[in-house]
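Thanks for making the time this morning; I would like to walk through one model with you, residue by residue where that helps. Please have the sequence and the structure open while I talk.

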Amino acid sequence: MYKVKTLNKISDIGLKEFTDNYSFTEELNEADAVLVRSADMKSLEFGGNLLAVARAGAGVNNIPLDKCAEQGIVVFNTPGANANAVKELVIAGLLLAARDVVGGINWVQANKGAEGLSKLVEKEKSNFAGNEIEGKKLGVIGLGAIGVLVANAAKRLGMEVYGCDPYISVEHAWSLSRDVIHVKTVEEIFRTCDYITVHVPLMDATKHMINADNLKLMKDGVVILNFSRDALVNDEDIEKALADGKVKKYVTDFPNEKSANMDGVIAIPHLGASTEESEDNCAVMAVKEIMNYLENGSIKNSVNYPNCEVAKLISKARITLLHKNIPSMITKFTTVLSSYNVNIEEMVNKSRGDYAYSVFDIDTEVTEEMKKALEEIEGVLKVRAIQD
């Protein structure tokens with residue numbers, strides 16, 4: 001029986017996916033798998049039993065990926081499971097930026113005790129007039145699960161949509177509306193669009209991609225939307241652009257001490273994926289990823305090891321090896337297996353950066369002696385046997 005530790009409250013809809021082969025534990029050092037949302041795992045010590053960590057969400061900044069990889073712990077996330085929730089909030093952000101709904105609501109709250117409020121409303125409402133988004137140009141930077149949904153939804157709302165993603169997957173390319181104009185550079189979006197929304201991961205190449213230099217390329221009165229990661233936008237540069245009128249509104253789902261106090265910012269308290277449906281979807285996907293890995297050795301949506309989807313085991317046993325991506329490893333594995341007169345029926349090897357994953361389906365049971373011999377090979381991080 002596998003033991004699972006939850007570090008945050010995880011949707012019951014997801015937890016019910018576990019079969020009777022799983023139980024829950026309060027002790028991290030005896031867990032085979034961990035389910036997590038926002039809990040910080042960077043200072044935690046992991047027991048030797050831990051095989052997998054699944055983040056019920058997309059971001060994994062709270063998980064020590066390299067540490068897990070070195071200990072042979074596969075880390076999963078759930079890309080796309082919260083995409084619809086984020087898409088809907090981006091569309092709401094577009095409308096809030098175009099129409100001064102927030103200013104109007106705040107005015108009503110400030111004057112709700114005024115005598116003759118209904119007449120005062122008619123007199124003051126012109127102060128909160130805005131624009132319609134139909135016919136305006138929206139630039140979507142990053143056409144992953146969320147970006148594609150945003151682009152398609154905006155197109156259906158009558159916007160002229162431009163998309164940029166040189167690494168768009170085949171799956172997402174097929175899902176993208178043919179009416180979305182695909183451009184090759186972000187500079188083209190910066191120069192062309194009235195609204196710009198960013199949907200890219202935070203890395204060295206994307207940190208502060210919305211900065212003073214790129215803001216100079218944009219139209220006066222542009223609206224910037226950030227529902228991806230806080231540090232994609234340079235706070236000092238966006239503050240100056242707002243003060244100068246270069247940027248009309250900055251809508252962010254990641255307020256901090258600086259941006260929350262800027263004029264012209266619509267700050268939302270990280271609600272992008274905060275829906276019941278999104279939490280259910282993420283939990284279900286995370287649980288299925290764990291079960292598929294523990295029971296079959298199949299890796300899907302890992303962020304620190306290569307994806308390697310394998311079929312359900314039909315041979316006598318399956319050996320999985322997490323190891324360093326260095327030369328001659330397969331030769332060393334097969335040499336050990338042949339020394340035990342093992343016949344290899346199926347073999348898969350995948351690599352990702354410094355790490356690799358190998359799977360051998362064999363015609364005999366895995367003995368402790370055989371497993372130990374594989375573990376002693378330099379560069380091997382974890383060996384596991386899957387068998388009846």
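**Cysteines, a helix face and a few loops**

Let me begin with Cys282, which counts as buried because its relative accessibility is 3%. Please keep in mind throughout that what you see is a predicted model.

The obvious next point is disulfides: how many are there by the distance rule? The count comes to 0, and since a disulfide here requires two cysteine sulfur atoms within 2.5 Å, the distances are worth stating. For Cys282, the nearest cysteine sulfur belongs to Cys68 and is 19 Å away, and Cys282 is in no disulfide. Cys193 is likewise in no disulfide, the nearest cysteine sulfur being that of Cys164, at 10 Å. As for its surroundings, Cys193 is buried, with a relative accessibility of 0%.

From Cys68 we can step across to Lys42, as the C-alpha atoms of these two residues are 9.9 Å apart in space, with a separation of 26 residues in sequence. Lys42 sits in the loop that runs between strand E3, residues 33-36, and strand E4, residues 52-55, and it is partly exposed, at 49% relative accessible area. If we set aside neighbours within four places in sequence, the contacts of Lys42 are Asn61, Asn62, Ile63, Pro64 and Lys67. With Asn61 there is also a polar contact, in which the side chain of Lys42 reaches the backbone oxygen of Asn61 at 2.9 Å.

Now to helix H4, residues 101-111, where the buried residues are Gly103, Gly104 and Trp107. Why do these count as lying on the same side of H4? They do so because the arc they cover around the axis is only 100°. The general background is that an α-helix has 3.6 residues a turn, so residues three or four places apart point the same way. What the buried residues of H4 pack against is helix H5, residues 117-124.

Thr252 is a contrasting case to Lys42 in its setting, as it lies in strand E11, residues 247-252, and is buried, with a relative accessible area of 1%. Its side chain reaches the backbone nitrogen of Phe254 at 3.0 Å. Beyond the neighbours within four places in sequence, Thr252 is in contact with Asn226, Val265, Ile266, Ala267 and Ile268.

Finally, the region that UniProt annotates, in an unreviewed entry, as an ACT domain, which covers residues 318-388. In the model, this span is 27% helix and 45% strand, and its end C-alpha atoms lie 10 Å apart.

Two backbone angles deserve attention here, given that most residues other than glycine have a negative phi. Ser328 has a positive phi, near 70°, and is not a glycine; it is found in the loop between strand E13, residues 317-324, and helix H12, residues 329-339. Asn341, also not a glycine, has a positive phi of about 60°, and its place is the loop between H12 and strand E14, residues 344-352.

How accessible are they, and is Asn341 buried or exposed? Asn341 is exposed, because its relative accessible area is 71%, while Ser328, at 46%, counts as partly exposed. I will stop there and take questions.

Methods. Residues numbered from 1 in each chain as written. Predicted model: local features only at pLDDT ≥ 70, side-chain atom pairs only at ≥ 80, totals over all residues. Heavy atoms only, no water. UniProt positions renumbered as here; feature names shortened; annotations may be inferred. Helix = DSSP H or I, 4+ residues; strand = E, 2+ residues; numbered from the N terminus. Buried < 20%, exposed > 50% of the residue type's maximum accessible area, 1.4 Å probe, protein only. Polar contact = N/O pair within 3.5 Å; in protein donor to acceptor, adjacent residues only side chain to side chain. Contact = heavy atoms within 4.5 Å. Arc of directions from axis to C-beta.
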